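Good morning, and thank you for the opportunity to speak. I would ask you to keep the sequence and the model in view while I go through a few of its features.

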Amino acid sequence: MLQLDNFYKARFVLSKVIRKTELVHTPRINPESDVYLKPECLQKTGSFKIRGAYYKISQLTDEEKAKGVIACSAGNHAQGVALGATAMGVKSLICLPEGAPISKVEATKRLGAEVCLVPGVYDDAYQKALELKDKHGYTFVHPFDDENVIAGQGTIGLEILDQLPDVEAVVVPVGGGGLISGVAFAIKSLNPNVKVYGVQAEGAASMVQSLHDHKQEKLPSVATVADGIAVKEPGKITFETCSNYVDEIVTVSEDEICAAILKLIESEKMVAEGAGAASVAAVMYNKVPVKGKKTICVVSGGNIDVTILNRVITRGLAKSGRLCTIEMELDDKPGELVEVCSVIAGLGGNITGVHHDRSANRNKVNACVLRLTMETRDEEHVKEIKEALESKGFHLWIV
């Protein structure tokens, strides 16, 4: 059972360890809302996870500390446990999914933990950690379904109320539910009028489905760029807490997450991972009812793997209408390609790629398929170019 006193205790314990991340006012995220960011991506280890992990380990007995701790994680919790354990002179073993970003694996090792890579996703790493816990007598530090871990994460809620007392809505990424459980319990206990919304990736909507069916449910699989919230099944404590304290949990698409990452980079000079940007995506695309409200988006982490950042940015550009690919069927005769390019150039589009294919399937024998990639300003600009080309008699479709 969660107790608010424990949250205040956690805040005291963590006060000398963590960074108190200051709010960032970001009116450009959604002009219809008064948006602030809680940048936990700037926290030590690059995510909020240090809060819950450190506080949990600090509350262990001397005997438990002597035996060491074990955890499972997609990466951020691993780093939090590793840093906390090393700081207190405690041995730590972390089970990570084999697909965890290399940057997170290496960071966990650098922070002093042993790493055990497990085939599969988070839930498979979880089962392996439980097996090793029983075998060696370690204390298991759960990434979300633990009262002390939730209390540590909930210190974010206490900070939010201190930093913006008249906040009206808080939007939080949701994986297993530890972060939103802590934030929602703290905020609702002190100010029940504040709305708390959760956000999951469409490809990992375990809490959404569980709340819809009023029982804990396990997804057969999860797939999302937001690896930090790719959890098949919510926890028992977190499910009950979300049922009682969270107003609504919504989902965002992969493209919306990528667009949010791009928006944070361009507008706020802030790097967020997929999980961290999920809350921003929900506000950008009006998935949560925060119009006209003072709203805080918790940017939960910034440990994005740089090897996928280019792909994420490309997807984000496409989603926001900044990058567009079109295909059309052209008569294979001189001047056709010139006319297409002239229309696009005349409207300010910048062609970055051309593929002219005579062998592709087409309706007319004497025709070819043209595929163009271009840089554009926004979705209205794409629409303007499309209509101009169609007015010239070209038949095209956006890829």
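Let us begin with one pair of strands. Strand 3 and strand 4 are joined by four bridges, and the pairing is parallel. Please bear in mind throughout that this is a predicted model. As general background, the strands of a sheet pair through backbone hydrogen bonds, in either a parallel or an antiparallel manner.

Within this pair, Ile70 stands opposite Leu93, a residue of strand 4. Ile70 also has a bridge partner in strand 6, namely Phe140. Strand 3, which covers residues 69-72, runs parallel to strand 6, and two bridges join them. In strand 6, Thr139 is the bridge partner of Val69.

We may now place these strands in the sheet as a whole. In what order do the four strands of the open sheet lie? The order is 5-4-3-6, with parallel pairing. Strand 5 (114-118) and strand 6 (139-140) stand at the edges with a single partner strand each, so one side of each has no neighbour in the sheet.

A helix also belongs in this picture. Helix 4, residues 76-87, packs on the sheet and touches both strand 3 and strand 4 (92-97). The direction of helix 4 makes about 170 degrees with that of strand 4.

Let us return to strand 3 and consider its side chains. Are Val69, Ile70, Ala71 and Cys72 buried or exposed? All are buried. Val69 and Ala71 point one way from the strand, whereas Ile70 and Cys72 point the other way.

I turn next to empty space inside the model. Rolling a probe the size of a water molecule over the atoms shows where such space is left. Across the whole structure, a search finds two cavities of 30 Å³ or more. The largest cavity has a volume of about 300 Å³. It is lined by 30 residues, and the closest to its centre are Phe48, Lys49, Gly175, Gly228 and Ile229. Which elements give two or more residues to this lining? They are helix 4, which we have already met on the sheet, and helix 8 (178-190). Helix 8 provides the largest share, three residues.

Finally, let us view the chain as a whole. It is divided into domain 1 (4-47 + 146-317), domain 2 (48-140) and domain 3 (321-398). The C-alpha centres of domain 2 and domain 3 lie 52 Å apart.

Thank you for your attention.

Methods:
Residues are numbered from 1 along each chain as its sequence is written. This is a predicted model: local features need pLDDT of at least 70, side-chain atom pairs count only at pLDDT 80 or more; totals for chains, interfaces and linings use all residues. Side-chain values use heavy atoms; hydrogens and water are left out. Domain bounds come from an automatic or database domain assignment. Two strands pair if DSSP finds at least two bridges between them. Contact means heavy atoms within 4.5 Å. Axes are lines fitted to C-alpha atoms, for helices over the stretch in contact, and angles run from 0 to 180 degrees between N-to-C directions. Buried means under 20% relative accessible area, exposed over 50%, partly exposed in between (1.4 Å probe, protein chains only). On a 1 Å grid over the protein atoms alone, a cavity is a set of points where a 1.4 Å probe fits but cannot get out, and a pocket is an open set with protein on both sides within 12 Å along at least five of seven lines; lining residues have an atom within 4 Å of a point. Grid points are joined across faces, edges and corners, and a volume is the space filled by probe spheres set on the points.
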